[in-house]
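Please work through the exercises below with the sequence and the model side by side, trying each task before reading its solution.

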Amino acid sequence: MLYYLGLLSFAGEREGRPLLKIPNRTVRQLMYGYLRAAYDEVGVFRPSTYEISDRLNKMAYRGQWEGFFDYLAEEIAQQASIRDFLQGEKVLQGFLLAWLNLSPYFRVFSEVEQGGGFVDLYLAPFYFRYPDMRHAYLIELKYLSRSGDRPAKRAQLITDAQSQLRRYAADARIGAELGAATLHPILLLYSGWELVHREAVAS
């Protein structure tokens with residue numbers, strides 16, 4: 001809308017997204033000062049879909065994966081109805097899969113056979129549309145019920161997941177299609193609905 005109204009002009013493309021700019025100083029001073037004040041007054045600026053899209057873009061192009069999962073964790077923590085629903089590893093996996101599939105940057109696979117096991121989620125670069133992407137992800141989820149959460153159990157699940165991710169990352173099929181992208185093996189541990197541990201595992 002801002003483009004067609006002449007408030008933004010096209011300035012090329014960067015990281016797979018249109019790059020827009022304010023066309024001149026007059027538009028900047030008159031229009032954007034007014035728009036900024038209006039948005040501040042009503043308290044609406046960034047809907048969740050924008051936040052998700054922006055974080056997925058950073059995952060794809062900059063390897064900054066933490067922001068996406070942290071944002072979802074923060075949103076879950078604020079909504080009791082969602083917290084009540086997110087019980088069990090497969091439910092969490094489906095929840096993450098749904099949000100990750102909003103991304104145009106990755107081909108998202110679930111339960112892909114790799115290294116003698118099945119990785120929970122594999123995010124492969126969609127090179128056909130985004131040839132300049134440089135990041136891919138293997139994601140292993142671990143889950144503890146709130147009642148069964150114990151330090152020793154957490155430690156065991158983390159150790160198991162680290163071992164699994166190293167094995168998956170070493171699979172020749174991953175390397176064959178990875179191209180120039182860096183592979184990030186990611187471990188996510190949930191206690192009930194809460195994300196209690198996340199790390200990039202050295203392969």
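**Exercise 1: a helix and its face**

Compare the expected span of helix α3 (residues 66-77) with the distance between its end C-alpha atoms, and then find which face its buried residues line.

Solution. At 1.5 Å a residue, the twelve residues of α3 should span 16 Å, and the end C-alpha atoms are 16 Å apart, which agrees; the expected span is 1.5 Å times one less than the number of residues, and helices (H or I, at least four residues) and strands (E, at least two) are DSSP runs numbered from the N terminus. Next, F68, F69, Y71, L72 and I76 are the buried residues of α3, where buried means under 20% relative accessible area, with a 1.4 Å probe and protein chains only. Seen down the axis of α3, these buried residues fall within an arc of 160°, so they line one face of the helix; the arc is that of the directions from the helix axis to the C-beta atoms.

The model is predicted, so local features need pLDDT of at least 70 and side-chain atom pairs count only at pLDDT 80 or more, while totals for chains, interfaces and linings use all residues. Residues are numbered from 1 along each chain as its sequence is written, and side-chain values use heavy atoms, with hydrogens and water left out.

**Exercise 2: a lysine in a strand**

Is K142 buried or exposed, and with which side chain does its own side chain make a polar contact?

Solution. K142 is found in strand β5 and has a relative accessible area of 14%, so it counts as buried. Its side chain makes a polar contact with that of Q164 at 2.8 Å; such a contact is a pair of N or O atoms within 3.5 Å, and within protein one must be able to donate a hydrogen and the other to accept it, residues adjacent in sequence counting only if both atoms are side-chain atoms. Q164 is itself among the buried residues of α6.

**Exercise 3: an aromatic pair**

Classify the pair formed by the rings of Y61 and Y105.

Solution. The ring centres of Y61 and Y105 are 5.8 Å apart and the planes stand at 85°, so the pair is edge-to-face; rings of Phe, Tyr and Trp (its six-membered ring) pair if their centres lie within 6.5 Å, with planes under 30 degrees apart counting as stacked, over 60 as edge-to-face and the rest as tilted. Y61 lies in helix α2 (residues 48-62) and Y105 in the loop between α5 (89-100) and β3, so the pair ties together parts that are 44 residues apart in sequence. Both Y61 and Y105 are buried, and they form one aromatic cluster with F126, F128 and Y130.

Conventions
Buried means under 20% relative accessible area, exposed over 50%, partly exposed in between (1.4 Å probe, protein chains only).
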